[in-house]
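The following exercises invite the reader to work through a protein model step by step. Each task is followed by its solution.

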Amino acid sequence: MGFNFSLFIHWKMVFCSFYISFPFYLDYMSCIFMGMVLLISGSIIFYSEFYMQSEIYKLRFFFLMFLFVMSMIFLIICPNFFCMLLGWDGLGLVSYLLVIYYQNFKSFYSGLITALTNRVGDVFILCSISLFFCYGSFNYMNFFFNYNMYFCYMFFIASLTKSAQIPFSAWLPAAMAAPTPVSSLVHSSTLVTAGVYIMIRFNYYLIQEIKYLLMFISLLTMIMSGFSGMFEFDLKKIIALSTLSQLGFMMSTISIGFYELAFFHLITHAGFKALLFMCAGFFIHNYHDNQDIRFFGLMNKNFCFSLCMFNIANLSLSGFPFLSGFFSKDLILEFMLKLNFGFIYLILFIVGTFLTVLYSFRLMIYLTFKKSFFNSVEFFPNLLGIQNSMYLLFFFSVFLGFIGSSIFFFPYNYIVLPFKMKILISLICLLSFCCSLKISYMNLELNNYFIMYLSQMWFLYFLKTDLLKYFFLNNSYKFSKVLVTYIENYFGMTLYYYFYFFSDKFLNFFNYLFYLFSFFFVYYIFFYTFLF
């Protein structure tokens, strides 16, 4: 590595019998990642100033964004489990508040599945913290061996929930209900990367069984999201599914032991993924909130510079030579070819790479080469301000991979492979590009069950909101009907009729008593007057 330093800061405060300990750990990973988070979040907040200018509760949005970034920083620099839990829980809570920002039913369903999935990870984090009571310290830096297999599995499941791996993948496309600046921040360097960052930090805890399981799950996630992105037409969902694919790619890199390369790809991915979402939000904003790529057209005439930045980020995502994503993805894929870890895993890697290039070029063809569209276009006067916020991320999408490869990962740059294996990845990308040209102009029958299975995240799509709608809302509606019927029959008009009936009977009864009393009273007065 180019830089290998560590700085441990332990802040303590003692007041009478009250004691607070707050440690910070800074090394090259935490400093680079924290700097990347701050740069990207600064660009996104500057972008949000123009994007959210018509919102009434814009100040609340910026406060939530600030809390979101601070939670991620706590997660990055705190080696103590309790301090790290502030960032871990803060990400889950603030992400729920940001997803339901628009306060409609779709946002509510999406925020609910996001919060519930993150709560699963929080439970396992709390259970792992309870195990550390036996070891006398909560700093995970103090332990370098596999003390407890249960601890490894708990952190493994917790990281799967944050990084949206199978079977916890449903919440990631659902989080697209949030505003586009939130999606840009969540999918680039904060919430979804928290699980990958934790796995990188705890790589020395991973036992061999967990590594095999992690590789299998991450490759399945990569392929599942690739197939779903190939049939999707929602612009933001395609980019979200590409994030899911890249998360699976990073997790598979960690599973074979190259956690430094996984961190390198995490950094490069953060730059071009934030730029993709910002350009997508700009297009959606100008096309009157339309997200269907079939209704976009003439983008090269109307938004030439923004489309150029979008295509550069998209090519960097697919690993186009000499862009930022190429320097990390090519290194990882060549190491995959160099290692001897099984033919099945190699085939899964090749299929995942093929699908990544396929949906990337399909998206580029839909946005760049369509000559007609059916929606009106609105040009905003703050166009220059939105584009200014993208320049830094555009620079990252082009040059960050070269800079990181030259400074930090120089020993990995020289990989000797046979010529046929060396050009294998390039041939796969060319084949994928040819297939994307064919698929982009095909009319696929989406009522085919096999295509539905591939396009709807292997039917994990129904865990997103449909499961909540059917099991919770439908059942609650039926329960409310039963409850209303019960109340109507026993406490509503029936009770009113019972009260009316008994009150009428009591009234008649008291009337009879009154008449009887009056009769005896008159009789007594009459008898007493005439006799005495």
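**Exercise 1. The loop with a cis peptide bond**

Task: State where Pro 167 is found.

Solution: Pro 167 is found in the loop between helix 5 (149-162) and helix 6 (171-174). Helices (H or I, at least four residues) and strands (E, at least two) are DSSP runs, numbered from the N terminus. The peptide bond that leads from Ile 166 to Pro 167 is cis, and its omega is near 5 degrees.

The model is predicted: local features need pLDDT of at least 70, side-chain atom pairs count only at pLDDT 80 or more, and totals for chains, interfaces and linings use all residues. Residues are numbered from 1 along each chain as its sequence is written, and side-chain values use heavy atoms, with hydrogens and water left out.

**Exercise 2. The chain as a whole**

Task: Determine how many helices and strands the protein chain has, and what share of its residues count as buried.

Solution: The protein chain has 22 helices and two strands. Of its 532 residues, 53% count as buried. Here buried means under 20% relative accessible area, exposed means over 50%, and partly exposed lies in between (1.4 Å probe, protein chains only). Next, consider the contacts, that is, heavy atoms within 4.5 Å. Among contacts in the protein chain with a separation of 6 or more, 80% come from residues 24 or more positions apart.

**Exercise 3. Positive phi values**

Task: For Gln 103 and Phe 322, give phi and decide whether each residue is buried or exposed.

Solution: Begin with Gln 103, which lies in the loop between helix 3 (81-99) and helix 4 (105-131). Its phi is near 55 degrees, a positive value in a residue other than glycine. Gln 103 counts as exposed because its relative accessibility is 59%.

Continue with Phe 322, placed in the loop between helix 13 and helix 14 (324-338). The phi of Phe 322 is near 70 degrees, again positive in a residue other than glycine. With 63% relative accessibility, Phe 322 therefore counts as exposed.

**Exercise 4. Two helix pairs**

Task: Describe how helix 7 packs on helix 11, and how helix 13 packs on helix 15.

Solution: Two packed helices are described by the angle between their axes and the distance between the axes. Axes are lines fitted to C-alpha atoms, for helices over the stretch in contact, and angles run from 0 to 180 degrees between N-to-C directions.

For the pair of helix 7 (residues 180-188) and helix 11 (residues 259-286), the axes come within 8 Å and cross at roughly 165 degrees. Helix 7 is therefore roughly antiparallel to helix 11; angles under 35 degrees count as roughly parallel, over 145 as roughly antiparallel, 65 to 115 as roughly perpendicular and the rest as oblique. The residues of this contact comprise four nonpolar, seven polar and one charged. In this division, Ala, Val, Leu, Ile, Met, Phe, Trp, Tyr, Cys and Pro count as nonpolar, Asp, Glu, Lys and Arg as charged, and the others, Gly among them, as polar.

For helix 13 (residues 304-318) and helix 15 (residues 343-368), the axes come within 9 Å and cross at roughly 165 degrees. Helix 13 is therefore roughly antiparallel to helix 15. The contact residues include Leu 307 and Phe 310 of helix 13, and Leu 363 and Leu 367 of helix 15. They divide into 10 nonpolar, six polar and no charged.

**Exercise 5. The nonpolar cores**

Task: Identify which residues of the largest nonpolar core touch the most other members.

Solution: A nonpolar core is a set of buried Ala, Val, Leu, Ile, Met, Phe, Trp, Tyr and Cys residues joined through side-chain atoms within 4.5 Å. The largest one has 124 residues, of which Leu 235 and Phe 310 touch the most other members. Helix 11 gives the most to this core, with 16 residues. A second, separate core has 33 residues, including Phe 258 and Ile 332.

**Exercise 6. Two buried residues**

Task: Explain why Met 250 and Ile 312 count as buried, and name residues that each contacts.

Solution: Met 250, in helix 10 (residues 235-255), counts as buried because its relative accessibility is 1%. Beyond its neighbours within four places in sequence, Met 250 contacts Val 196, Ala 262, His 265, Leu 266 and His 269.

Ile 312, in helix 13, counts as buried because its relative accessibility is 19%. Not counting residues up to four places away in sequence, Ile 312 touches Leu 323, Phe 394, Ser 397 and Val 398.
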